Amino acid sequence: MKKEHYIIENKSIKWLAIAGNIISFCEDLMEVYGLDNFYVNEEFYEFHNWNNSEAVVYIPRTLKDKELPHFKEEVSVSFFTTEPYSVIPWRKMYERVLEIFVNNIIPLLKNKAKITNTEHIEFMLLIAPKKVGVLLEGEIDKVRIPFVKTYIMAHTHPSPHCFFSHKDVISSLDIFSNRGLISAVITTSCSAIMYRVDDFTIDDYERLIIISDLIKKGRTKDALLEFNRLSSVKLTFLGAKII
């Protein structure tokens, strides 16, 4: 039977995609110019007051004549000489992305997880830089992950298995290596979320490979200890926690 895929467009998906573009832009600036004093307009950061208007990134005027990374549409740059008012430091965007994901995307996938429970068909949502979400229908107890650039990757498991498989961890590693922000497993009763809090490091890349191997061997507690040693990626659970 042919598996379906659906395009989803809504405010939260569009916001998350633009937020991903902003974070990638600031990470590029930080890497190239060694600066970290960038800001985002408060209206965009707050989300609820954002009415699909332009997002603004404020950067120092010293970069005005420098070559800047390519910016996606609906994001503009404003240069400043003194720290602007009513703005948010760009690093707060990592946590804000997690909040918007939890409040808006998890409920959507929990509905799909009901089908996973009864029919064992898994679903995956990918949020791409082009401001759309792609919902993929998988096969029995699995869903194939396409090799595309995405900021958010979340898929369903049958309840209560809300932890990453060893293959899920390797897929997450690929996502984070390409500036992805969140990888999550969603069930009707609980969720496991890996999310970036900084530029992805080589040490964390290697440690995620170790974590995948530990999970494959059934050493879940050891894998959790390794998760605690990551610096640019954090792990959190919502609902029931694995023991």
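**Strands, core and rings: a dialogue**

Trainee: How many bridges join β8 to strand β9 (residues 182-186)?
Mentor: This is a predicted model. Strands β8 and β9 run parallel. In β9, Ile 182 is the bridge partner of Ile 152. The number of bridges joining β8 to β9 is five.

Trainee: Which residue stands opposite Ile 152 in the pairing of β6 (residues 121-127) with β8?
Mentor: Strands β6 and β8 pair in the antiparallel sense, over four bridges. Opposite Ile 152 of β8 stands Ile 127.

Trainee: What handedness has the β-α-β unit that holds β8 and β9?
Mentor: Its helix is α4, residues 166-177. The loop between β8 and α4 holds Pro 160. The unit made by β8, α4 and β9 is right-handed.

Trainee: Is the peptide bond from Ser 159 to Pro 160 cis or trans?
Mentor: Look in the loop between β8 and α4, where Pro 160 is found. Omega is near 5 degrees for the bond from Ser 159 to Pro 160, and that bond is cis.

Trainee: How many of the residues of β8 (152-156) are buried?
Mentor: In a regular strand, side chains alternate between the two faces of the sheet. On one side of β8, Ile 152, Ala 154 and Thr 156 are buried. On the other side, Met 153 and His 155 are buried too. The count of buried residues in β8 is five of five.

Trainee: Which helix gives the most to the largest nonpolar core?
Mentor: That core has 51 residues. Among those with the most contacts inside it are Trp 15, Ile 22 and Phe 44. The top contributor, with 12 residues spread within 11-33, is helix α1.

Trainee: Which residue of β8 does Val 97 touch?
Mentor: Val 97 is also among the residues with the most contacts inside the core. Leaving out residues up to four places away in sequence, Val 97 touches Trp 15, Leu 16, Ala 19 and Ile 23, among others. Leu 181 and Ile 182 are also on its list. Strand β8 covers residues 152-156, and the residue there that Val 97 touches is Ile 152.

Trainee: How many residues does the second, separate core have?
Mentor: Phe 163, Leu 173, Phe 227 and Phe 237 are included in it. Its size in residues is 18.

Trainee: Are the rings of Phe 44 and Trp 50 stacked or edge-to-face?
Mentor: The structure counts 10 aromatic pairs. For Phe 44 and Trp 50, the centres lie 5.3 Å apart and the planes meet at 85 degrees. Planes over 60 degrees apart count as edge-to-face. That makes this pair edge-to-face.

Trainee: Which of the two, Phe 44 or Trp 50, has a relative accessible area of 0%?
Mentor: The cut-off for buried is under 20%. Trp 50, at 2%, counts as buried. The residue at 0% is Phe 44.

Trainee: Which charged residue sits over the ring of Phe 47?
Mentor: Phe 47 belongs to a cluster that ring pairs form with Trp 15, Phe 44 and Trp 50. The charged end lies 4.8 Å from the ring centre of Phe 47 and belongs to Lys 11.

Trainee: Is Ser 86 buried or exposed?
Mentor: Ser 86 lies in the loop between β4 (75-80) and β5 (87-89). Its phi is positive, about 55 degrees, although Ser 86 is not a glycine. Exposed requires over 50%. At 56% relative accessibility, Ser 86 is exposed.

Terms used. Residues numbered from 1 in each chain as written. Predicted model: local features only at pLDDT ≥ 70, side-chain atom pairs only at ≥ 80, totals over all residues. Heavy atoms only, no water. Core = buried A, V, L, I, M, F, W, Y, C linked by side-chain atoms within 4.5 Å. Buried < 20%, exposed > 50% of the residue type's maximum accessible area, 1.4 Å probe, protein only. Helix = DSSP H or I, 4+ residues; strand = E, 2+ residues; numbered from the N terminus. Contact = heavy atoms within 4.5 Å. Phe/Tyr/Trp six-rings, centres within 6.5 Å; stacked < 30°, edge-to-face > 60°. Lys NZ or Arg CZ within 6 Å of the ring centre and 35° of its normal. Pairing = 2+ DSSP bridges. Right-handed = clockwise from strand over helix to strand, strands pointing away.
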